[in-house]
Protein chains: 2
Amino acid sequence: MAGTVFFSVSMSLDGFVAPESSEDLMGPLWMELQQWVFPTRFFRENLGLGEGGEEGRDDAILRETFARTGASVMGKRMFDAGERMWPEEAPFHTPVFVVTHEERDPWERPGGTVFHFVNDGIGSALEQARAAAGDRDVRIAGGGATILEHVNAGLVDEFSVAVSPVLFGAGVRLFEGVDAARVALEVVRSEPTPRATHLTYAVRER
Amino acid sequence: MAGTVFFSVSMSLDGFVAPESSEDLMGPLWMELQQWVFPTRFFRENLGLGEGGEEGRDDAILRETFARTGASVMGKRMFDAGERMWPEEAPFHTPVFVVTHEERDPWERPGGTVFHFVNDGIGSALEQARAAAGDRDVRIAGGGATILEHVNAGLVDEFSVAVSPVLFGAGVRLFEGVDAARVALEVVRSEPTPRATHLTYAVRER
């Protein structure tokens, strides 16, 4: 029985999930986008930053998202940015299937993250991720283009967008190029916290 | 004592407030965007469509927005589309200041809407709207470009966006060209209803 295929991202009110250049990751707009994530206890724990951090709904939402994920699919752009930024103990702790043209042996990190490099496209990566996830769910980790490719191919069952109180004005738009004639949304839930509004939708075909 | 300057619009999850062409107004995506509005009792009352319609929070939110508005500012594009679509008793019931190059005498409609045509820009229109609104608020009615012009000029105090469960893929983006280096947001409130999530922000200068 295959698990749910989902994604979960932070989005600015104007629809951006990342700055134009990955050099602006960690810039002030990015910090405002992720302001519901960084103070949490889960974020600190998961990156090995030590004790402390806030509990509450934002923390619980991150924890639930992590717990349901049995494997992830990731694009090359996100992997390249992450490879420079993640600590040695990468924060996934599951298999991660990276869609890339680069041929590379699996890269095992301490703490259970294993990056597998898939050269034959998103369908194949997703199939491998489903098998690896067992009865847990598959997360399309990102970036924006990889997520959208899965949405337009009808491969995403459900997604969550944390809308943060920030306007980017430029960058990577989550839904740029979405096939609106095909993709319909159904609200699963909408939950405001003090730092973001967590919107969850099921994806339906029109 | 000047009232608050605000706007209140329905936005698709991917950031659009109108379709590309005003001929697509009343198309299926537009109906999904406005799905929290059309079934309400207020919507029917205000357009003179007769009795009936749903009560509840969506209805109350529309009613509150109408009640606080003493005057509106409107762009030429919205006025032109509306002039073709509004019933004789236009749904504003207050003075409306239309920013346009067209010189035209005030146009009084039954039911209290009076359109004034302002030829010397948004600052002048807003000043006249403030004076007309008395101690009530001024609404920047739309369209998207006119709203953004006010936001970027630092003239908007507060706004509400009803995020509807629909993806447009194309059209008029609310925040296209926003001056993100200048505009910061503070969450005032976030309220989900079954048909939309109502996000209200105060605008701050960075």
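These questions and answers cover how chain A and chain B meet in a predicted model.

Author: Local features need pLDDT of at least 70, side-chain atom pairs count only at pLDDT 80 or more, and totals for chains, interfaces and linings use all residues. Residues are numbered from 1 along each chain as its sequence is written, chains are lettered from A in the order written, and side-chain values use heavy atoms, without hydrogens or water.

Reader: How do you know how the two copies are related?

Author: Copies are superposed by least squares on C-alpha atoms of residues with pLDDT of at least 70 in both. Chain B lies on chain A with an RMSD of 0.0 Å after a turn of 180 degrees and a shift of 0.0 Å along the axis. The two copies are therefore related as by a two-fold rotation axis. In chain B, the C-alpha nearest that axis belongs to B:Gly15, 3.0 Å away.

Reader: What makes a residue part of the contact?

Author: Heavy atoms within 4.5 Å of each other. Chain B gives 26 residues and chain A gives 26 residues. Of the interface residues of chain B, 100% are also interface residues in chain A, so the copies meet through the same surface.

Reader: Why is the link between A:Glu176 and B:Arg173 called a salt bridge?

Author: The term needs a side-chain nitrogen of Lys or Arg within 4 Å of a carboxyl oxygen of Asp or Glu. The side chains of A:Glu176 and B:Arg173 meet at 3.6 Å, N to O. That is within 4 Å, so the name applies. The rule finds four salt bridges across this interface.
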